[in-house]
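This report walks through one protein model for a reader who is new to structures. Please keep the sequence and the 3D view open while reading.

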Amino acid sequence: MRNIFPISICHSCSAISKIVAFAVFCMQFIIFTYAQDTTSTFRHAQCNATLSTSLKPPVIILTDACPKPLVFDIPVKVAKQYTFQTDKGLRTITLEPPKIIMLPIVFTPFASGGAGGGLSPLPSGGAGGGLDQSAAGIGLFTTYTTNDRLALDAITCGYRDNAGNLWFGTRGGGVSRYDGCSFTNFTTSQGLANNVVWCITEDKNGNFWFGTDGGGISCYNGIFFTNYTTAQGLANNVIKFIIEDKNGNLWFGTYGGGVDCYAPISSSLDKSGQRAVFTNFTTSQGLANNYVLCIAEDKAGNLWFGTLGGGVSRYTPLSPSVDKGVQSGVFTNFTTSQGLANNIVYSIIEDKVGNLWFGTAGGGVSRYNSDEKGTDEKLFTNFTTAHGLADNTILNIAEDKAGNLWFGTAGGGVSRYTPLLSTFIKGENSGGVTNFTTSQGLANNIVYSIIEDKTGNIWFGTDGGGVSRFDGGSFINFTISLGFPNKFVKCIIEDNTGNIWFGTYGSGAICYNGKSFTNYTTSQGLANYIVHSIMEDKAGNLWFGTRGGGVSRYTPLSSLINGENRAVFTNFTTSQGLVNNVVVCITEDKTGKIWFGTNGGGVSCYGPDENGAGGNCETRTNINKNKQSMSKSFTSFTTAQGLVNNFVYCITEDRTGNLWFGTAGGISILLQRKIFINLTTTDGLPDDFVTQIVEDKQGKIIIGTNAGICELIPNTCKNIFSSNGPRWTVGQIYNSSTGYPVKDVNVGQKAMYFDSKGILWAATGSDKTAVVRIDYDAILKNDTPPAIVLKSVKVNNENVCWHDLLIHDRFLKPVMYDNGGDKKPDRSQRPVRFKTDSLAIILEESLTFGRTLSDTERDTMLDKFEGIRFDGITKFYPLPENLVLPYKHNSLTFEFTAIEPARPYLVKYQYILEGYDNDWSPVTNKTSASFGNIWEGTYTFV
């Protein structure tokens with residue numbers, strides 16, 4: 001977008017006639033908003049097909065050359081002793097059968113009086129047997145008050161103009177305009193009719209209309225205010241609603257005077273050539289009630305008026321308008337007699353498919369159901385709290401881009417109506433990002449693991465609250481009081497038989513089969529009581545990464561031994577070649593190799609040795625007799641081999657077979673098992689402490705860090721070992737700095753997780769955000785660059801009131817005419833003076849200096865800026881047109897902004913003054929640019 005701002009610098013105040021050409025300033029900014037991607041590109045730590053000579057080869061340890069791993073047959077009914085050799089001699093331990101705890105049968109009010117004595121297999125928790133089905137979470141809101149220069153905290157109405165500015169009418173403070181950077185306030189001091197403003201609208205010509213409480217109507221054309229009251233023909237000076245119809249007529253709903261219609265000047269001349277006045281409609285013309293609270297125009301051109309006690313009036317024009325002026329028409333009235341929910345109607349909207357919705361006082365919402373034949377059978381369908389509406393008094397209604405309807409209520413918050421589901425959802429946070437905390441029923445705000453089971457339930461392992469299960473509407477919590485063995489849950493998985501396994505901090509592993517909990521600890525052969533991670537391999541074995549005990553492999557056996565089903569634990573430690581005994585994460589790759597991320601030791605890969613053919617990690621023969629072929633090895637990778645950091649918190653294999661390692665020092669990518677590429681904050685990551693890595697359906701890599709979540713978008717590269725190598729571009733970043741309720745993402749197995757619906761769940765380290773649910777498809781994104789405005793131009797770093805200068809002829813640039821080859825000024829071509837100049841001066845002085853200047857101050861400003869010339873002044877933001885400056889005024893400051901009220905802090909600017917600067921400015925959020933000692937010549941500000 002280009003804003004043309006002509007300017008010229010001359011060497012002498014008297015040398016105006018010697019100027020050869022005028023310079024043109026083009027205000028153009030490069031904008032990066034929250035809906036656009038940045039362009040950071042990752043560099044390679046290694047770009048060769050072989051490891052650098054400065055790096056060491058991976059450490060390979062054959063398990064056959066190491067002590068055999070300990071294998072324990074888990075007792076089923078009676079304890080069993082095991083004796084084995086250690087470095088300190090023989091050791092005998094006694095293993096016990098795992099404890100099985102039945103989930104208690106709990107009585108809940110939901111089932112009272114029902115069959116079976118009101119028994120329910122699962123507790124729901126909370127009053128009434130469960131949480132409200134609308135459990136939706138708390139988002140992060142930004143609040144603006146008078147401390148931020150808002151005119152008043154009591155807001156009566158809001159409006160978004162065509163440029164993207166937000167306007168707020170207040171109950172006594174006038175009007176505030178917010179451009180995403182600052183508030184500009186308009187009151188009676190600037191010409192507004194009254195400081196209580198009930199409604200705002202912008203007409204097709206860019207004028208703003210304000211309905212006030214007792215002051216009538218104010219029209220702001222960008223330069224000054226024009227006010228209309230009963231003295232100009234308005235029916236009543238209290239204006240509750242304003243709308244512009246398709247023909248450009250303005251309709252004003254008054255509080256006691258009915259409806260006024262005002263046609264714009266271009267179409268408001270009657271046949272006699274006289275300017276038309278306000279046309280008034282009251283009960284005398286058929287309006288249902290003279291107190292009009294809201295107005296809407298439907299697709300057919302009918303106007304609907306919601307009234308205070310009279311129901312709704314529909315005004316149908318009788319014939320097309322020839323001059324686009326006021327048409328004659330008829331009123332049809334609808335009340336509770338025709339099925340309207342209540343005769344007090346606060347809001348009206350027509351949705352995208354043509355339904356009309358009416359928000360009433362105490363009756364809920366009415367939807368108008370007129371049939372195509374016009375018989376108006378079954379006129380209204382009504383929705384109340386019985387249908388899920390938050391409250392029966394609806395103050396306003398809005399429709400979003402997806403076609404959902406949002407109802408603002410008096411005391412019940414907000415309800416969203418989804419047409420496809422025909423359901424109301426109360427209080428849900430918009431924008432696709434929702435938080436769940438203990439306030440919504442989550443067991444604890446610190447969550448380490450998230451998974452989805454086969455039935456679609458989401459499970460959360462918490463730090464001190466046990467386990468929470470979310471069924472889409474409410475939480476069910478498994479705690480110690482219900483027989484769950486431990487309240488600190490580090491990881492969760494579902495095995496291929498549908499059992500849910502939990503790794504705990506202090507109670508080993510727990511298996512839940514839907515009816516009971518089975519607890520496995522060191523008493524059954526598990527390597528350690530603290531289980532950080534669990535993974536099921538392709539063969540059906542479960543691997544448990546422990547804190548200090550290495551890895552335990554749980555092998556279920558299909559045959560019976562002495563009439564009992566048995567299972568086996570096999571433990572691997574540094575004695576068998578594991579790089580470290582604290583195992584934080586486990587992953588099986590597509591070839592069947594098992595990868596272990598450790599806390600300080602780097603990564604171990606368990607599988608065939610270097611001469612092996614790949615495949616499963618371990619070839620088994622006669623597994624039911626517990627005889628195993630152990631010709632496998634551990635291969636270890638650390639910083640010596642190019643890993644960016646030895647503290648590894650997550651491992652992910654992408655769809656192309658690359659392995660991603662999230663560490664305490666950034667990301668390492670192992671390409672084709674040959675080279676590492678390391679990515680850090682210098683490459684664009686928001687933080688080097690990487691806790692989670694997942695891949696979405698589109699192939700984007702989603703990174704969880706201590707500074708929120710970011711996307712990595714892959715770039716196509718034909719040869720990943722070329723000089724450029726593979727690259728990933730940073731996409732959207734989600735954190736509190738970018739306006740999303742996401743903070744640090746927790747360490748833990750699957751603490752960030754994509755469910756089957758494509759919803760991303762992330763466990764954060766904050767009580768305020770806790771678990772974050774991100775629906776990418778529902779996130780409100782704006783791909784349209786924001787409008788750019790030049791707000792002011794300062795001369796020698798001083799504010800200038802340009803209307804003060806414009807009213808004096810000596811500041812007006814003369815129109816030149818050719819006098820025999822000699823250019824001379826044509827004084828007859830001066831701009832026409834208006835009587836409204838004084839109003840414009842008062843308004844600009846108030847906005848620029850915060851008050852009206854004295855005559856002495858005006859004279860001082862006029863003398864100071866003697867010699868400045870310009871043709872006119874722009875609207876809304878007073879700027880001189882075709883500015884010419886003498887050399888003594890060769891220092892300029894431009895103040896600009898992008899109109900982005902939602903996330904202005906994401907807008908970045910870059911500029912250059914061509915002819916003055918050699919290079920572009922750095923990309924920053926700075927919204928002003930100053931240039932001093934500008935030489936005579938032509939410059940372009942881009």
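Is Phe380 buried or exposed? The model is a predicted one, and in this model Phe380 has a relative accessibility of 8%. Because buried means under 20% relative accessible area, Phe380 counts as buried. The partner of this residue in an aromatic pair is Phe358, which at 0% relative accessibility counts as buried too.

**Strand 27 and its neighbours**

Phe358 belongs to strand 27, and this strand is a good place to begin. Of its 5 residues, 5 are buried, so strand 27 is largely enclosed by the rest of the structure. In a regular strand the side chains alternate between the two faces of the sheet. In strand 27, Leu356, Phe358 and Thr360 lie on one side, while Trp357 and Gly359 lie on the other, and both faces are covered, since all of these residues are buried.

Strand 27 is joined to strand 26 (residues 345-350) by 5 bridges, and the two run antiparallel; within this pairing, Trp357 is the bridge partner of Ile349. The hairpin that these two strands make has 5 residues between the strands, and there Gly354 takes a positive phi near 100°. Strand 27 also runs antiparallel to strand 28 (residues 365-368), to which 4 bridges join it, and here Ser366 in strand 28 is the bridge partner of Phe358. The hairpin of strand 27 and strand 28 has 4 residues between the strands, and its Gly362 takes a positive phi near 90°.

**Aromatic pairs**

A pair of aromatic rings is described by the distance of the centres and the angle of the planes. The structure holds 70 aromatic pairs, and two that involve strand 27 are set out here.

| Pair | Centre to centre | Angle between planes | Arrangement |
|---|---|---|---|
| Trp357 and Tyr417 | 5.3 Å | 55° | tilted |
| Phe358 and Phe380 | 5.9 Å | 75° | edge-to-face |

What does the pair of Trp357 and Tyr417 tie together? Trp357 lies in strand 27 (residues 356-360) and Tyr417 in strand 32 (residues 414-418), so this pair ties together parts that are 60 residues apart in sequence. Both Trp357 and Tyr417 are buried. The pair of Phe358 and Phe380 also links distant parts of the chain, with Phe358 in strand 27 and Phe380 in strand 29 (residues 380-383), 22 residues apart.

Elsewhere, ring pairs link several residues into a cluster, whose members are Trp167, Phe186, Phe208, Phe210, Tyr220, Phe225 and Phe876.

**An open sheet**

Trp167, one of the residues in that cluster, stands opposite Arg177 in strand 12. Strand 11 (residues 166-170) and strand 12 (residues 175-178) pair in the antiparallel sense over 4 bridges. They are part of an open sheet of 4 strands, in the order 10-11-12-13, with antiparallel pairing. Strand 10 (155-160) and strand 13 (183-186) are the edge strands, each of which pairs on one side only, and from one strand to the next the twist averages 20°.

**Empty space inside the model**

Rolling a probe the size of a water molecule over the atoms shows where empty space is left. The structure holds 2 cavities of 30 Å³ or more, and the second largest cavity contains about 50 Å³ of space. Two members of the aromatic cluster, Tyr220 and Phe876, are among the residues that line this cavity, as are His803 and Glu844. Helix 2 (residues 837-849) gives the most to the lining, with 4 residues, and by class the lining has 7 nonpolar, 2 polar and 1 charged residues.

The second largest pocket has a volume of about 1000 Å³. Its lining is made of 38 residues, and those nearest its centre are Val694, Glu695, Lys750, Tyr753 and Phe754. Among the elements that give two or more residues to this lining are strand 35 (447-452), strand 55 (690-695) and strand 59 (752-754). The lining residues of the second largest pocket divide into 17 nonpolar, 7 polar and 14 charged.

**A buried loop residue**

Tyr939 lies in the loop between strand 70 (928-931) and strand 71 (940-941), and with a relative accessible area of 6% Tyr939 is buried. Its C-alpha atom is separated by 6.5 Å from that of Leu913, although the two residues are 26 residues apart along the chain.

How values were computed. Residues are numbered from 1 along each chain as its sequence is written. This is a predicted model: local features need pLDDT of at least 70, side-chain atom pairs count only at pLDDT 80 or more; totals for chains, interfaces and linings use all residues. Side-chain values use heavy atoms; hydrogens and water are left out. Two strands pair if DSSP finds at least two bridges between them. Axes are lines fitted to C-alpha atoms, for helices over the stretch in contact, and angles run from 0 to 180 degrees between N-to-C directions. On a 1 Å grid over the protein atoms alone, a cavity is a set of points where a 1.4 Å probe fits but cannot get out, and a pocket is an open set with protein on both sides within 12 Å along at least five of seven lines; lining residues have an atom within 4 Å of a point. Grid points are joined across faces, edges and corners, and a volume is the space filled by probe spheres set on the points. Ala, Val, Leu, Ile, Met, Phe, Trp, Tyr, Cys and Pro count as nonpolar, Asp, Glu, Lys and Arg as charged, and the others, Gly among them, as polar. Rings of Phe, Tyr and Trp (its six-membered ring) pair if their centres lie within 6.5 Å; planes under 30 degrees apart count as stacked, over 60 as edge-to-face and the rest as tilted. Buried means under 20% relative accessible area, exposed over 50%, partly exposed in between (1.4 Å probe, protein chains only).
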